[in-house]
Each structure stands twice: as structure tokens, then as C-alpha cells.
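Student: I have the model open, and I would like to understand the terms used for it, rather than only repeat them. Could we go through them one at a time?

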Amino acid sequence: MAAGEGTLRVDKHGMGFVVLTRGADHAATVYEHGAHVTSWVCGGEERLFMSAKAVWKPPKALRGGVPVCWPQFGDLGPCKAQHGFARNTKWTYVADASSETAAVFTLAHDPADPLQQDWPHPFQLRLEVSLQARGELRHRLTVDNTGPVAFEFTTALHTYFRTPDLPGTEVQGLRGLTYKDSLDGRAEKVDDEPAVTFGQEVDRIYLGVPPRVEMTGFTVHQEEGFADAIVWNPWVDKAKRMSDYGDEEYKQHICVESARCQTPVQLEPNSTWVGQQLLSIPPQHEGGGIGCVVS
Ligand code: BG6
């Protein structure tokens, strides 16, 4: 292991982060704040978008990368804060589990934390982020109900995929599915287009997606626990309304979010839910980096 890999470092803002590596061409950076992946390099290329205007000052969530939305996606839960509080909170890096290729972060209920004031239920979250043999990025989120009563939650891994060519970017495999259109009062519609394209604002919750969602340059594998997917691009007007986001940055990413929101997870006391996602790069997009193609 090279110096610094798998160990906690501190950035210029005083925020802790861990760098994972796999071979010469695959790497990921995970922050304690939000257990937030801010960089995923696969085949020598950065695959995630981070806004140049992201605010690196907790409790503000980082704009870009992979925010963890919990205990709710959007407004689908009891919290006043959009997307819950996990993305706004400093998690604990489990140093004992450190390795070059995986890092574990935990977050426990803290009734004294003002961010958790509208969430009364004891819980324990565990997020393992790991790099696989071909540089694939895996998120394994575990939720334990450590309290005496059942609770329900919604959740999403809000991945900002870097898109060098937004007009040429498509999400395939969603044709025929029902989605809730967040730009139309969450009206339920059926997608009858061959692919989702991005020539305007898109903000949809697709229900019951297949375990593999293909998009230009990426495959999203919902390996366990998730069921839905949000597809989002803010386009021109919303970009201007977001203070931590550049006016033109909507051209640089789309979000495809593995989620569980149509049917919230019901978690009994002493029970565990697992949500697992794997992100990979289709062979034609892998790039020429040494170490990228593993036989
Ligand atoms: C998406 C929502 O998941 O997140 C959008 O569908 C929302 O409606 C976007 O604008 C970003 O949310 P936030 O809270 O990070 O600005």
C-alpha cells in the first residue's frame, strides 16, 4: 500500500477523506462528510462530476460525486431537509477495515444532532465503498434498526455521472416503465421513448427498474435492495437557481440514482436492510489506460 492509501487524510478545508486505489488506473476518493465519493477514476479517467462551485463546508452537502440520501429521497419522508441528513453529516471512518481497495464508514443515531431532530429512531448505517478488479465502483449500504419500534425510510445513491457529450448521452432500458414526473406534480406517466435523452430539464422517478440500467458510458447495476431510479438533469433554469452549481455545469453530468422510494423500506427492530450498487464502464468506453483491461 502506498503512503496515504486507505488512511485518513485531511484536505485544505479541514475535511477528512480516504483514497482507494486498485492498480495504476483505478482510484476513488471518499469523504467522511456524508461518506461521499467525490472522485472515481476508472481506466485513468475521472468518471464523476463535481461542481466547481461545491461548498466544502459542513453541514452543506457536496455538489457532485455520490451523495447518500437517507432516511429519505427528496421530500419522501419525515425530514424537512431535502434528501434527509446522511449527506450533511460527518460519518465515522472505520480504520480497522482499511485496505487499498475498500473503506467502511458508519453513522449512528444522535438525538443531540439538530440535523436529526425530525428523525427519532435509533439506527446504524454502514457504507462500504470498494473498487473491483476492473475498477468498478461498489456501494454497499447497510441500515440497522437498533431501536425498539419499526421505522420506514426511502433512500438513493445520487450519482453525478460525468458526461462529456450531453446531447449524445442516453439512458436506455427504461422504455415501457412507469415514472413519476417531478416536473409535473409527480404525475405517473409511461415512458414510450426508446431512450431518455437530455435536451431539457429531466426529473423523473422510474418505478421498478431492471437490475441493469445502461447509459452512455456507464452501466448501473442495482445488485440488491434498490428498486427505483431517479433520472435528473437540471438544465438551464434550475442550474441558475442552485447557488453551489455553475450556470453551464448541467452540460457536464446527468444523475442516475439507484433508489428505493416508491415502496419505502419497512424495518423492524433488530432488522437489517442492504442496498448495493455497482457502477461499471462498458468495454468500448474503458479508455486506453494501462491496467484497465483485466483478462
Ligand atoms: C434529484 C431530485 O434527485 O436531486 C431533484 O430529483 C433535485 O428534484 C436534485 O433538484 C438535487 O437536489 P439537491 O437537494 O441536492 O439540490
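Tutor: Let us begin with H83, which in this predicted model is placed in the loop between β6 and β7.

Student: What makes the phi of H83 worth pointing out, although it is not a glycine?

Tutor: Most residues other than glycine have a negative phi. H83 is not a glycine, and yet its phi is positive, at about 65°. P71 is found in that loop between β6 and β7 as well, and the peptide bond leading to P71 from W70 is cis, with omega near 5°.

Student: Where else is there a cis peptide bond, and how do you know that it is cis?

Tutor: The bond from P58 to P59 is cis, as its omega is near 5°, and P59 lies in the loop between β5 (45-46) and β6 (68-69). As for why such bonds are pointed out, most peptide bonds are trans.

Student: Which residues are counted as being around the ligand?

Tutor: A residue is counted if one of its heavy atoms lies within 4 Å of the ligand, and the residues around the ligand are R63, F73, Q82, H83, R87, H158, D203, I230, W232, K238 and E257. By type, this shell divides into 3 nonpolar, 3 polar and 5 charged residues.

Student: What makes the approach of R87 to the ligand a polar contact?

Tutor: The cut-off for a pair of N or O atoms is 3.5 Å, and a polar side-chain atom of R87 lies 2.8 Å from an oxygen atom of the ligand, so the pair qualifies as a polar contact. For H158, an N or O atom of the side chain is 2.8 Å from a ligand oxygen, and for E257, a polar side-chain atom is placed 2.8 Å from an oxygen atom of the ligand. Taken alone, the ligand exposes 400 Å², and the protein buries 87% of that.

Student: Which pocket does the ligand take up?

Tutor: The space taken by the ligand is the largest pocket.

Student: Turning to the strands, why are β1 and β5 said to stand at the edges?

Tutor: The sheet concerned is open and has 5 strands in the order β1-β2-β3-β4-β5, with antiparallel pairing. Both β1 (9-10) and β5 have a single partner strand, so one side of each is left without a neighbour in the sheet.

Student: How do you know that β1 and β2 count as paired?

Tutor: At least two bridges are needed between two strands, and β1 is joined to β2 (residues 16-22) by 2 bridges in the antiparallel sense, so the requirement is met. R9, for example, has F17 in β2 as its bridge partner.

Student: What is the order of the strands in the open sheet of 9 strands?

Tutor: The order is β7-β8-β9-β10-β22-β19-β18-β13-β16, with antiparallel pairing, and the edge strands are β7 (92-93) and β16 (195-197), each of which pairs on one side only. Within this order, β19 (residues 218-224) and β22 (residues 272-280) run antiparallel and are joined by 5 bridges, and V220 has L279 in β22 as its bridge partner.

Student: What do β14 and β15 form, and how many residues are between them?

Tutor: They form a hairpin with 5 residues between them, and G185 in the turn has a positive phi of about 60°. Strands β14 (residues 178-181) and β15 (residues 187-190) pair in the antiparallel sense over 4 bridges, with K180 standing opposite E188 in β15.

Technical notes:
Residues numbered from 1 in each chain as written. Predicted model: local features only at pLDDT ≥ 70, side-chain atom pairs only at ≥ 80, totals over all residues. Heavy atoms only, no water. Polar contact = N/O pair within 3.5 Å; in protein donor to acceptor, adjacent residues only side chain to side chain. Areas by Shrake-Rupley, 256 points an atom, 1.4 Å probe, with all protein chains shown as cover. 1 Å grid on protein atoms, 1.4 Å probe; cavity = no way out; pocket = protein on both sides within 12 Å on 5 of 7 lines; lining within 4 Å. Sits in = over half its atoms within 2 Å of the grid points. Nonpolar A, V, L, I, M, F, W, Y, C, P; charged D, E, K, R; others polar.
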